[in-house]
Amino acid sequence: MATVEKMPMLQEGYEKLHADLRRLKEERPLIVDAIEEARAHGDLSENAEYHAAKEQQGQNEATISDIEGKLSRAQIIDPRELSGDKVVFGATVTMLDENDKPVRYQIVGETEADASKARISYNSPIGRALIGRKVDEEVEVSVPAGDRYYVVSKIEFI
C-alpha cells in the first residue's frame with residue numbers, strides 16, 4: 001500500500017488554498033451555464049464555444065481535485081512554535097553570500113513559495129541545501145546560473 005506523503009505548509013498557505021478551492025467551486029455553475037448556452041447553439045461537433053466551455057470545466061475540476069488532495073495531506077506548521085539551532089521548515093534564514101551581502105529566506109511549502117517575498121520551497125535547490133544546517137555552516141548551492149556559496153549567519157522562527 002502506498003504511503004501518503006504529508007505536505008508541510010504554513011497556516012497562511014492553507015487558508016489561501018481553501019480560498020482558491022472555494023472560488024473554483026463557485027465557478028462550477030457558471031461553467032455549466034456556459035456549456036448549456038453553447039449546446040443550445042446547435043451542432044456540437046463544430047461548436048467552438050461548447051468545446052471551450054467543456055475544456056474549462058475539465059481544467060476547473062482537475063484543479064479542484066489537485067487542491068483537495070493538497071489540503072487532505074496538509075501538515076500545518078507554525079514557525080513561532082519551533083525552536084532549535086538547525087534550519088527546518090518554516091525557519092527564516094539569513095546568510096552571507098560570497099561578497100558578505102546578507103540574503104534572507106523563509107523556508108516554506110511548494111504552494112507558498114514566492115521569490116519576490118523571499119519565500120523559497122523546502123524542495124528548491126537552496127531550500128534543500130539549507131535544511132539541517134546550523135549557524136556558521138557553509139552552504140553550496142548549484143543553480144542554473146552556477147554554484148553559489150553562502151554562510152548561515154542567523155536562524156529565526158518568526
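Let me start with D136, which is exposed in this predicted model, because its relative accessible area comes to 62%, and the cut-off for calling a residue exposed is over 50%. D136 sits in the loop between α3 and β6, the strand that covers 138-143, and its phi is near 75 degrees, a positive value in a residue other than glycine.

There is another residue of that kind to put beside D136, namely A118, whose phi is near 60 degrees, again a positive value in a residue other than glycine. A118 belongs to the loop between β4 and β5, and because its relative accessibility is 26%, A118 counts as partly exposed.

If we step from A118 into strand β5, we come to R119, and here I would ask: is R119 buried or exposed? At 14% relative accessibility R119 counts as buried, because the cut-off for that class is under 20%. The side chain of R119 has a polar contact of 3.2 Å with the side chain of E12, and another, at 3.3 Å, with the side chain of Q106. Leaving aside residues up to four places away in sequence, R119 touches L10, E12, Q106, V108, E112, A113 and D114.

That brings me to the largest pocket, since R119, E12 and Q106 are among the residues that line it, and the lining also includes L10, Q11, I76, I77, D78, P79, R80 and I158. The volume of this pocket is about 160 Å³, and by residue class its lining divides into five nonpolar, two polar and four charged.

Further along from β5, in the loop between that strand (119-121) and α3 (125-130), we find S124, which counts as buried because its relative accessibility is 17%. What lies 2.8 Å from a polar atom of the S124 side chain? It is the backbone oxygen of S121, while the backbone nitrogen of G127 lies 3.0 Å from a polar atom of that side chain.

Turning now to the strands, β3 covers residues 92-96 and is mostly covered, with four of its five residues buried. Strand β3 is joined by five bridges to β4, residues 102-108, and the two run antiparallel; within that pairing, V93 has Y105 in β4 as its bridge partner. Five residues lie between β3 and β4 in the hairpin that they form, and in the turn D100 has a positive phi of about 60 degrees. Strand β3 is also joined by five bridges to β7, residues 146-156, and this pair runs antiparallel as well, with T94 bridged to K154 in β7. As a general point, side chains in a regular strand alternate between the two faces of the sheet.

I will finish in helix α1, residues 11-39, which is where L24 is placed. Because L24 has 7% relative accessibility, it counts as buried, and the residues that L24 touches, not counting those up to four places away in sequence, are N60, T63, I64 and I67. How far apart in space are L24 and V108, C-alpha to C-alpha? The distance is 24 Å, for two residues that are 84 residues apart in sequence.

Methods. Residues are numbered from 1 along each chain as its sequence is written. This is a predicted model: local features need pLDDT of at least 70, side-chain atom pairs count only at pLDDT 80 or more; totals for chains, interfaces and linings use all residues. Side-chain values use heavy atoms; hydrogens and water are left out. Buried means under 20% relative accessible area, exposed over 50%, partly exposed in between (1.4 Å probe, protein chains only). Two strands pair if DSSP finds at least two bridges between them. On a 1 Å grid over the protein atoms alone, a cavity is a set of points where a 1.4 Å probe fits but cannot get out, and a pocket is an open set with protein on both sides within 12 Å along at least five of seven lines; lining residues have an atom within 4 Å of a point. Grid points are joined across faces, edges and corners, and a volume is the space filled by probe spheres set on the points. Ala, Val, Leu, Ile, Met, Phe, Trp, Tyr, Cys and Pro count as nonpolar, Asp, Glu, Lys and Arg as charged, and the others, Gly among them, as polar. A polar contact is a pair of N or O atoms within 3.5 Å; within protein, one must be able to donate a hydrogen and the other to accept it, and residues adjacent in sequence count only if both atoms are side-chain atoms. Contact means heavy atoms within 4.5 Å.
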